[in-house]
Amino acid sequence: MAEGATMTEPTEEAVRAEVRAWLQANWSPDLGLVEWRRKLVEAGWGAPSWPRAYGGRDLPAAMTAVVDQEIRRIGAVNVARTGIRSLAAATLLAHGTEEQKVTFLRASLTGEHAWCQLFSEPGSGSDLAGAMTRAERKGNRWIINGQKVWTTSAHLADWGLLLARTDLDKPKHQGLSFFLIDMHQPGVEVRPLRQMNGHASFNEVFFTDAEVLPEHQVGELGEGWAVATTTLMHERRGADGVGSVGAGATATERQGRIYDEERAEVATTMEPYKWYPQRAGRVDLILKRAKETGAIADPVVRQEIAKLLILARSAEWTARRARAAQAQGGPQGPEGSLGKLAASHVARAAARVHTMISGADAMLSGEDGPEKGIIAEILISVPAVSIAGGTDEIQRNIISERVLRMPKEPSIDTDRPFRDVPRNASK
Ligand SMILES: Cc1cc2nc3c(=O)[nH]c(=O)nc-3n(C[C@H](O)[C@H](O)[C@H](O)COP(=O)(O)OP(=O)(O)OC[C@H]3O[C@@H](n4cnc5c(N)ncnc54)[C@H](O)[C@@H]3O)c2cc1C
């Protein structure tokens with residue numbers, strides 16, 4: 001840039017014209033999926049708001065939608081954004097070393113790495129800072145021992161975001177560190193769990209002398225809680241009903257090598273999330289079902305439908321307002337908790353209204369049930385929204401403390417060495 005010149009942000013028209021010309025010159029459905037995504041990332045169109053060094057173009061966040069529109073318009077395939085990889089990317093952008101960003105951010109966009117989140121343990125879910133999985137430094141390695149649970153997609157993951165205890169003599173929040181762990185190694189055992197809705201999307205994960213390289217520690221030693229908080233804030237934002245880690249990937253019917261590869265990828269990586277639309281309550285089916293069954297004629301049912309639709313719309317608009325504020329550069333804050341809590345109210349209200357509409361038929365699962373069993377799946381899937389990513393009660397605690405500035409919950413275990421804190425399953 002010439003001396004004295006000022007940086008101006010490119011206009012929407014300029015970005016649109018540039019990406020359009022680039023796509024015209026480069027897009028081909030005969031390319032391999034990863035080959036094409038590497039090109040997109042190399043040119044910076046995969047994550048336009050990221051820095052150039054990691055596959056972006058330093059553009060304002062609002063330009064991502066413009067680039068995405070152009071990619072869709074020409075029928076091209078976009079980068080991989082679904083699953084825990086989006087949380088891994090957000091966490092590394094905020095806390096990763098230069099080397100970690102260069103290594104992992106591009107590979108998350110090309111879809112070469114699938115991720116899982118190794119936070120919850122049998123004795124620490126809501127009380128996440130009570131995690132007991134140990135990371136001990138031996139020579140030039142971290143050695144990991146312990147157990148995680150509820151780990152979505154661990155059976156498909158190449159890498160895991162791991163929260164582990166590195167110091168038992170520090171108070172509980174200060175003795176945790178954050179690591180990236182290679183899931184394909186002998187000390188990592190993944191055992192699938194079957195849920196009451198029949199799906200098996202999460203797992204138990206056991207670590208027995210598993211290894212982590214020192215360069216795969218994220219953030220400073222003992223600062224794992226701050227790093228994990230970043231991951232969780234992004235997860236909760238994604239749980240506001242506008243979009244989630246389990247939403248977004250649908251394969252097209254188009255013909256060509258790249259579309260076949262994309263369909264295969266979606267079928268595998270989205271398998272654990274197949275029931276996620278049902279866990280959100282399927283508000284979209286309410287009016288259709290009410291009309292089909294004749295329940296729409298019942299004034300009490302109509303009243304409940306109206307209440308539900310008002311709740312769902314206001315939750316959506318609140319979430320969109322928070323997203324818009326962030327797109328203008330606002331920080332990711334506790335409003336994620338508000339959105340998550342609202343989404344869980346909507347899901348439970350929707351399940352109740354579906355039951356009013358379908359009556360006892362709502363209990364029929366499988367092909368013979370209403371909507372081929374979807375209604376029954378809604379009823380047994382919605383409780384998950386009130387648990388995953390932090391329970392409703394935990395969101396209320398966060399809102400009361402950080403939004404309403406109410407006094408903190410009394411704590412009996414944060415001001416002494418974690419070793420001395422009485423707990424279940426202590427060794
Ligand atoms: C679909 C799904 C996917 C998940 N995926 C992952 C994943 O990929 N990775 C991962 O690490 N975890 C995952 N989880 C786990 C999830 O984060 C935990 O289940 C959640 O944090 C709750 O922890 P818990 O199950 O141990 O319940 P507990 O913490 O034992 O809570 C039990 C009950 O006590 C209440 N409670 C606890 N503490 C308080 C308090 N201080 N104040 C008021 N009430 C309280 C809770 O609200 C709850 O009702 C997933 C969960 C679900 C349902």
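## Ligand surroundings

A backbone N or O atom of S120 lies 2.7 Å from an oxygen atom of the ligand, and in this predicted model the protein buries 71% of the 980 Å² that the ligand exposes when taken alone. Q117 also approaches through its backbone, with an N or O atom placed 2.7 Å from a nitrogen atom of the ligand. E393 makes its approach with the side chain, where an N or O atom is 2.6 Å from an oxygen atom of the ligand.

The ligand is surrounded by 20 residues, of which the closest are Q117, S120, S126, T391 and E393. Among the elements that contribute to this shell, helix 13 gives the most, with three residues.

## Helix 13 and the segment after it

Helix 13 covers residues 392-403, and its length can be checked against its geometry: at 1.5 Å a residue, its twelve residues should span 16 Å, and the end C-alpha atoms are 15 Å apart, which agrees. Within helix 13, the residues D392, Q395, I398, I399, S400 and E401 are buried.

What surrounds the end of this helix can be described residue by residue. L404 is placed in the segment after helix 13 and counts as exposed because its relative accessibility is 53%, where exposed means over 50%. Together with V403 and M406, L404 makes a nonpolar surface patch of about 270 Å².

R405 lies in the segment after helix 13 as well, and with a relative accessible area of 67% R405 is exposed. Its backbone is notable in another respect, since R405 is a residue other than glycine and yet has a positive phi, near 60°. Most residues other than glycine have a negative phi.

## Positive phi elsewhere

D58 has a positive phi of about 60° although it is not a glycine. The place of D58 is in the loop between helix 2 (33-43) and helix 3 (63-73).

A glycine with a positive phi is found just after helix 11, where G359 takes a value of about 60°. Helix 11 itself runs over residues 335-358, and at 1.5 Å a residue its 24 residues should span 34 Å; the end C-alpha atoms are 35 Å apart, so the separation agrees with the expected span.

## Two buried residues

Where does V385 lie in the chain? V385 belongs to the loop between helix 12 (374-381) and helix 13, and at 9% relative accessibility V385 counts as buried, because buried means under 20%. In sequence V385 and Q195 are 190 residues apart, while in space their C-alpha atoms are 14 Å apart.

T110 is found in helix 5, which comprises residues 98-110. Is T110 buried or exposed? With a relative accessibility of 2%, T110 counts as buried, and its side chain reaches the backbone oxygen of A107 at 3.2 Å.

Conventions: Residues are numbered from 1 along each chain as its sequence is written. This is a predicted model: local features need pLDDT of at least 70, side-chain atom pairs count only at pLDDT 80 or more; totals for chains, interfaces and linings use all residues. Side-chain values use heavy atoms; hydrogens and water are left out. Helices (H or I, at least four residues) and strands (E, at least two) are DSSP runs, numbered from the N terminus. The expected span of a helix is 1.5 Å times one less than its number of residues. Patches are made of residues with over 30% relative accessible area and no salt bridge: like charges are joined within 9 Å, nonpolar side chains (Val, Leu, Ile, Met, Phe, Trp, Tyr) within 5 Å. Accessible areas come from the Shrake-Rupley method with a 1.4 Å probe; for residues, only the protein chains shown count as cover. A salt bridge is a side-chain nitrogen of Lys or Arg within 4 Å of a carboxyl oxygen of Asp or Glu. Buried means under 20% relative accessible area, exposed over 50%, partly exposed in between (1.4 Å probe, protein chains only). A residue is near a molecule or strand if one of its heavy atoms lies within 4 Å of it. A polar contact is a pair of N or O atoms within 3.5 Å; within protein, one must be able to donate a hydrogen and the other to accept it, and residues adjacent in sequence count only if both atoms are side-chain atoms.
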